[in-house]
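Trainee: Could you take a close look at one part of this protein with me? I would like to go through its salt bridges and the helices around them.

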Amino acid sequence: MVRLRLRDNESVQDAVRRFRKIVEHSGIKKELRKREFYEKPSELNRREKRRAKNRARMNQMMNG
């Protein structure tokens, strides 16, 4: 849960900017996008395997 208290002499625009930054760093937006639609476990596994394969390929290119 994200909490934000208005500082002394802080404008609402500054507080909103600070709130957005806190939400961005906490990963809430990423989690919301991830949960927006149901994804079957098989699709999750397929995506994870694809990401691992791409990571391995990039590591091999960097180190090779």
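Which residue forms a salt bridge with Glu-48, and how far apart are the closest N and O atoms?

Mentor: Happy to. Keep in mind that this is a predicted model, with a mean pLDDT of 93 for the protein and 100% of its residues at 70 or more. The partner of Glu-48 is Arg-51, and the closest N and O atoms of this salt bridge are 3.6 Å apart. Both residues belong to helix α3, where they sit three residues apart, about one turn of the helix. In an α-helix there are 3.6 residues a turn, so residues three or four places apart point the same way. As for solvent, Glu-48 is partly exposed, its relative accessible area being 43%, and Arg-51 also counts as partly exposed, at 45%. Helix α3 spans residues 41-63 and has the highest mean pLDDT among the elements of the protein, 95.

This pair is one of six salt bridges, and two others are worth setting beside it. One of them is in helix α2, residues 28-35, the element with the lowest mean pLDDT, 91. There the side chains of Arg-35 and Glu-31 meet, with 2.5 Å from N to O. These two are four residues apart within α2, again about one turn of the helix. Arg-35 is exposed, because its relative accessible area of 63% lies over the 50% cut-off. Glu-31, at 31%, counts as partly exposed.

The other one brings us to helix α1. Arg-18 forms a salt bridge with Glu-10, and their closest N and O atoms are 2.9 Å apart. Here both Arg-18 and Glu-10 are buried.

Let us stay with α1, since Arg-18 is among its residues. This helix covers residues 12-26, 15 residues in total, and reaches 21 Å from its first C-alpha to its last, close to the 21 Å expected. Alongside Arg-18, Ala-15 and Val-23 are buried in α1. Viewed down the helix axis, the buried residues of α1 fall within an arc of 135°, so they line one face. Those buried residues pack against α2, the helix that holds Arg-35 and Glu-31. On the face of α1 turned away from the buried side you will find the exposed residues Gln-13, Arg-17, Arg-20, Lys-21 and His-25. Just after α1 comes Gly-27, which takes a positive phi of about 85°.

Notes: Residues are numbered from 1 along each chain as its sequence is written. This is a predicted model: local features need pLDDT of at least 70, side-chain atom pairs count only at pLDDT 80 or more; totals for chains, interfaces and linings use all residues. Side-chain values use heavy atoms; hydrogens and water are left out. pLDDT is the predictor's confidence in each residue, from 0 to 100. The expected span of a helix is 1.5 Å times one less than its number of residues. Buried means under 20% relative accessible area, exposed over 50%, partly exposed in between (1.4 Å probe, protein chains only). The arc is that of the directions from the helix axis to the C-beta atoms. Contact means heavy atoms within 4.5 Å. A salt bridge is a side-chain nitrogen of Lys or Arg within 4 Å of a carboxyl oxygen of Asp or Glu.
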